[in-house]
Amino acid sequence: MNNKINKDLSPKGKTSDTQNTSTRRSFLKFAGTTAAVAGGATLSAPFISDANAAAGHKWKVQSTWDAGTTGYTLFEEWCKSFEERSGGELSIKPFAAKSVAADNNALFDSVRNGVLQGMNPFTLYWAGKIPASVFLSSYPVGPDQPAQWDTMFYGLGMLEKAREIYAKFGLVYVGPIQHDANIIHSKVPVSSVEDFKGLKLRVPGGMVSEVFQSFGASTVSLPGSDIFPALEKGTIDAADYVGPAVNWDLGFGQVTKHILFGPPGLMSVYQPVDLMDLTVNKRAWDKLSPAMQQFVEDQVKTYSLDHYVSIQKRNVEALKKFTDSGSSVSRMGQADLDKFRQAAIPIWYKWAKKDADASAVFKIQLDYMMNGIMGYISPSDIKGQSL
């Protein structure tokens, strides 16, 4: 890792309070993820607890990042830093997608059953098991800035609600991890919502699928590692996944020549802040001392910042690789954004009504979006809708 922030967060990095403050201020200017920064101050030196170090807790944690991608490289380095930072009290062995659990369902069950002690998934993947999870990561034309999500989790009570929901499954939702927006790579030109009609499109499922289906797309859910062969064989015409850096690593530029972003300043209108998280088996979590639990929470906050900034930097570099190799970039206009919102709002409410937990999480977000600070939603936008 070559950038300054990554150096400061490396296992051997020992920075002064002044240096940490400078790093945090730089990131505030870049992304405004204030809540992620709040936990970083406690991590300027390794966590040492000689009394507890003898316990030597060892976790196996699988990510949904594919091996060799930018995302997995960052995750792997972070996991391997735990042993030194914790003074030997906790070590984490990272695993790439499919390494232990072969698919997402198996991953969820492996953590519940203790085969794995934790996972680093895209939170949205649990829409079928936990309907509220569609509101624990970004969704079509919902809150679209990283700082807004950190505010909801760490300032407006959404973290506590998420933990309450996950506890029902014997899991601990430790915290959100920022990484990127999602973009669409296509074998055929796409530049507006009209172009979705008849398109065979890979999306993650849940609410996102339903919104694209409302515009006439035929959707399918595939893990990241299966997208390239599906595009290559023509099984699908287009695929959403994450941002340029990881998508370049996965070879999408070899099998597509068209990229679709949202309006200027917004990479995506359908998943503008696609959150990951760290989720841990409750039995494994309860074996940690309270001080170590707090340490892990603070690590997640700091990693969220580092992960986001590192990927955004590499996105800039990767997009140039895409365009230099012949890919064209199109952007949706404001009219497309308005159509997305009109189609999405009834689907928001449909998912919010799936259970009481989904309704409670959505209510936190709806109140925030309707607050004068954001002003994303007006009473007229949700006329006729109810929870």
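**Exercise 1.** Work out which residues of helix α8 are buried.

*Solution.* Start with the helix itself: α8 spans residues 146–155, where helices are DSSP runs (H or I, at least four residues), numbered from the N terminus. Next, apply the cut-off: buried means under 20% relative accessible area, with a 1.4 Å probe and protein chains only. Pro146, Ala147, Gln148, Trp149, Asp150, Met152 and Phe153 pass that test. That makes seven of the ten residues buried, so α8 is largely enclosed by the rest of the structure. Then look just after α8: glycine 157 has a positive phi of about 90°.

This is a predicted model, with residues numbered from 1 along each chain as its sequence is written. Local features need pLDDT of at least 70 and side-chain atom pairs 80 or more, totals for chains, interfaces and linings use all residues, and side-chain values use heavy atoms, leaving out hydrogens and water.

**Exercise 2.** Find the side chains that make polar contacts with the side chain of aspartate 240.

*Solution.* First, place the residue: aspartate 240 sits in strand β8, residues 238–241 (strands are DSSP runs of E, at least two residues). Its relative accessibility is 0%, so aspartate 240 counts as buried. Now look for polar contacts (N or O atoms within 3.5 Å, one able to donate a hydrogen and the other to accept it). One, at 2.9 Å, goes to the side chain of asparagine 182, and another, at 2.7 Å, to that of arginine 202.

**Exercise 3.** Check how confident the predictor is.

*Solution.* Take pLDDT, the predictor's confidence in each residue from 0 to 100. The protein averages 88, and 86% of the residues score at least 70. Over residues 1–45, though, pLDDT is below 50. Where pLDDT is low, don't read the predicted coordinates in detail.

Methods
Contact = heavy atoms within 4.5 Å. Buried < 20%, exposed > 50% of the residue type's maximum accessible area, 1.4 Å probe, protein only.
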